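Trainee: Could you go through this model with me? I'd like to start with how the helices pack.

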Amino acid sequence: EPVLTLGFLVAAIVLIGFRLQAFDLPLETDEANYAYIGGRLLGGDRLYVDVWDHQPFGVYVLTAAVIRVFGDAVHVFRWSAMAASLVSLALLMAILRRICNARAAIVGGALFALVSTDPGTGGEGCNREVYMNALILGGWFFALGERRWNKSLVVAGLLLGAASTFKTVVAVHWVLLAVYLLFAADGEDVE
């Protein structure tokens, strides 16, 4: 739908414009910690043995991969967060289009572009929630799609599992997905 594509492009431009405002800022404490530990992992150190933090491993593995491929300049981390935010925007709009309509998707996309980069909540940064949210939205996109139990739900579960490696609060989504499936199945046979 052309209007939905235009809505996405406008929301993406707003999101990018807001995120670009933070590109020259130094990494904040959490972001620097991810980069430091990711770099140490690339140097052969072991997580939770040689370097330690109380977070699950996902953000450190992702950061190590980003450093390996693109380097460790601040803008590299900002671009990776930008990419994750754009994926989240696209998935949110696709979910809203699927369960509501194009208008809801455009409004939701616009609101996401405005609030997801709020400096008051650190939204313009590279915190693990940025990556976790993209995975959660991907999981819900597949869970809410056409029922191909052996494919869509497996992908949804894998994405929520990957999100759980960033932050354990994703367990809430596991519970919500189970409850949703109990009510959405409505007598359907699982293949």
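Trainee: At what angle do the axes of α3 and α4 cross?

Mentor: This is a predicted model, in which local features need pLDDT of at least 70, side-chain atom pairs count only at pLDDT 80 or more, and totals for chains, interfaces and linings use all residues. Residues are numbered from 1 along each chain as its sequence is written, and side-chain values use heavy atoms, leaving out hydrogens and water. The axes of α3 (residues 58–70) and α4 (residues 74–99) cross at roughly 120° and come within 10 Å. That makes α3 oblique to α4, since oblique covers whatever is not under 35 degrees (roughly parallel), over 145 (roughly antiparallel) or 65 to 115 (roughly perpendicular).

Trainee: Which residues meet there?

Mentor: From α3, T63, V66, I67 and F70 meet V76, F77 and S80 of α4, where contact means heavy atoms within 4.5 Å. By class, 5 of these residues are nonpolar, 2 are polar and none is charged.

Trainee: And how do α1 and α4 pack?

Mentor: Helix α1 (residues 2–20) packs on α4 at about 150°, the axes being 10 Å apart, and the two are therefore roughly antiparallel. Among the residues making the contact are F8 and L15 of α1 and M82 and L89 of α4.

Trainee: Switching topic, is S116 buried or exposed?

Mentor: S116 counts as buried because its relative accessibility is 18%, buried being under 20% with a 1.4 Å probe and protein chains only. S116 sits in the loop between α5 (102–115) and α6 (128–143).

Trainee: What does S116 touch, beyond its neighbours within four places in sequence?

Mentor: S116 is then in contact with L15, R19 and G123, while a polar atom of its side chain lies 2.7 Å from the backbone oxygen of F112.

Definitions and conventions
Helix = DSSP H or I, 4+ residues; strand = E, 2+ residues; numbered from the N terminus. Buried < 20%, exposed > 50% of the residue type's maximum accessible area, 1.4 Å probe, protein only. Polar contact = N/O pair within 3.5 Å; in protein donor to acceptor, adjacent residues only side chain to side chain. Axes fitted to C-alpha atoms, helices over the stretch in contact; angles between N-to-C directions. Nonpolar A, V, L, I, M, F, W, Y, C, P; charged D, E, K, R; others polar.
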